[in-house]
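Trainee: Could you take me slowly through one part of this model, beginning with a single residue and then working outward to what surrounds it? I would like one connected account rather than a list.

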Amino acid sequence: MIPDYQTLMLPVLKYLSNGKEHTTKDLREAMATKFKITTKERKQLLPSGRQPVFDSRVGWACTYLKKAKLIESPKRGIIKITYRGRKVLNSHPSDINNQFLLQFEEFRGFFAKGKADSAIEKTQTKELVKPPRETLSESYELIRKELAEELLEQVMKCSPDFFEDLVVKLLVAMGYGGSLADAGQRVGGTGDGGIDGIIKEDKLGLSQIYIQGKRWDKPVGSPEIQQFAGALTAKNAEKGVFITTSRFTASAISFAEKVPKNIVLIDGDNLAELMIDYNIEVSEEERYIVKRIDSDFFEQ
């Protein structure tokens, strides 16, 4: 029998207890051996038919442990235990599940948005407390949020040049200017005057939008927005988009709202959501289509 992802949490943490880096592939093999997963069970797929059920559950166990900062992923496909994870093991827990992980602020923060708190309760009690359609919707929100966080993590590991190119690519995908070849260009670098990119607002290029991107961990404050507004004035431009992987301070947002220039602010959360919506650096993995009876057909 394939264990659920919560049952896998403690064994996963124990497997990583030696402090070494392990591949996710080796972890799956170790868990399959521990739980005596048969070849037939290893081949059992999710309803989408694309991913094995067992691999998915091991992956979700790792995801939740990472959100609680008990394990970390120093690079793609590699995981290791953290100091907090070792500390938890030293307390000799009898079980690790969602309820246990709620003691950690980072894990609670992961569920701060949307309706995921109810999903925790449902998976913890293992009782169907909501209609399947609601459960499906909440699970989708949770998966999307996890993807958004992973996207930002990957973007932060990339070079500044890559980030500036990504910003232009995203705006083109959103419909500005037509094709990437003639719609947008990156101009960032030393002496860029506070402008990282330029993109045509329409296919004819009747007006241009200037772009500034900050691949930062720290919040973007009003001084950066003031500098960007000054750069727009120097270019005789009226429209600009300021994108960051972090967030904007209240003063930065206030300044952007009051300045005569039309400046749109996109923070890390919005950036990740837009990348998902416009398929930037992501690809479709699974698709579920929910159908209903066409009542009009049966009405005579």
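Mentor: A residue is called buried here when its relative accessible area is under 20%, and exposed when that value is over 50%, with partly exposed in between. Ser222 has a relative accessibility of 16%, and therefore counts as buried. Please keep in mind that this is a predicted model, and that each value below is computed from it.

Ser222 belongs to helix 12, which covers residues 222-234. If residues up to four places away in sequence are set aside, Ser222 touches Thr249, Ser251 and Ala252.

Further along the chain, the search for aromatic pairs is useful, and over the whole structure it finds six of them. One is formed by Phe228 and Phe242, whose ring centres are 5.6 Å apart and whose planes meet at 80°, so the pair is edge-to-face. Because Phe228 lies in helix 12 while Phe242 lies in strand 7 (residues 239-244), this pair ties together parts of the chain that are 14 residues apart in sequence. Phe228 has a relative accessibility of 0% and so counts as buried, and Phe242, with a relative accessible area of 0%, is buried too. Phe242 also forms an aromatic pair with Phe248, again edge-to-face, with 5.8 Å from centre to centre and 75° between the planes. Phe248 is buried, as is Phe242. Taken as a picture, then, helix 12 holds Ser222 and is joined through Phe228 to strand 7, where Phe242 in turn pairs with Phe248.

Elsewhere in the chain, Tyr5, Trp60, Tyr64 and Phe107 form one aromatic cluster. There are also places where a charge meets a ring: the charged end of Lys218 sits over the ring of Trp216, at 4.6 Å from its centre, and the charged end of Lys34 sits over the ring of Phe35, at 6.0 Å from its centre.

For comparison with the surroundings of Ser222, helix 4 deserves some attention. Helix 4 has 15 residues and reaches 21 Å from its first C-alpha to its last, which is close to the 21 Å expected at 1.5 Å a residue. This helix is mostly covered, with 11 of its 15 residues buried, and among the buried ones are Val53, Phe54, Ala61, Tyr64 and Leu65, together with the polar or charged Asp55, Ser56, Thr63 and Lys67. Asp55, placed in helix 4 (residues 53-67), counts as buried because its relative accessibility is 18%. Leaving aside neighbours within four places in sequence, Asp55 is in contact with Arg28 and Arg42. After the helix comes Lys69, with a positive phi near 65°.

Glu72 then brings us to a sheet, since this residue is found in strand 2 (residues 71-75). With a relative accessibility of 36%, Glu72 counts as partly exposed. Not counting residues up to four places away in sequence, Glu72 touches Lys66, Ile78, Ile79, Lys80 and Thr82. Its C-alpha atom is separated by 9.5 Å from that of Gly85, and the two residues are 13 apart along the chain.

The sheet itself is open and is formed by three strands in the order 1-3-2, with antiparallel pairing. Strand 1 (22-23) and strand 2 stand at the edges with a single partner strand each, so one side of each is left without a neighbour in the sheet. Strand 1 is joined to strand 3 (residues 78-81) by two bridges, and these strands run antiparallel. Within this arrangement His22 stands opposite Ile79 in strand 3, and Ile79 is also one of the residues that Glu72 touches.

To set these local views in the whole, the chain contains 15 helices and eight strands, and 41% of its 300 residues count as buried. Among contacts with a separation of 6 or more, 62% are between residues 24 or more positions apart. The chain exposes about 17,500 Å², of which carbon and sulfur atoms supply 51%.

Definitions and conventions: Residues numbered from 1 in each chain as written. Predicted model: local features only at pLDDT ≥ 70, side-chain atom pairs only at ≥ 80, totals over all residues. Heavy atoms only, no water. Helix = DSSP H or I, 4+ residues; strand = E, 2+ residues; numbered from the N terminus. Buried < 20%, exposed > 50% of the residue type's maximum accessible area, 1.4 Å probe, protein only. Contact = heavy atoms within 4.5 Å. Areas by Shrake-Rupley, 256 points an atom, 1.4 Å probe, with all protein chains shown as cover. Phe/Tyr/Trp six-rings, centres within 6.5 Å; stacked < 30°, edge-to-face > 60°. Lys NZ or Arg CZ within 6 Å of the ring centre and 35° of its normal. Pairing = 2+ DSSP bridges. Expected span 1.5 Å × (residues − 1).
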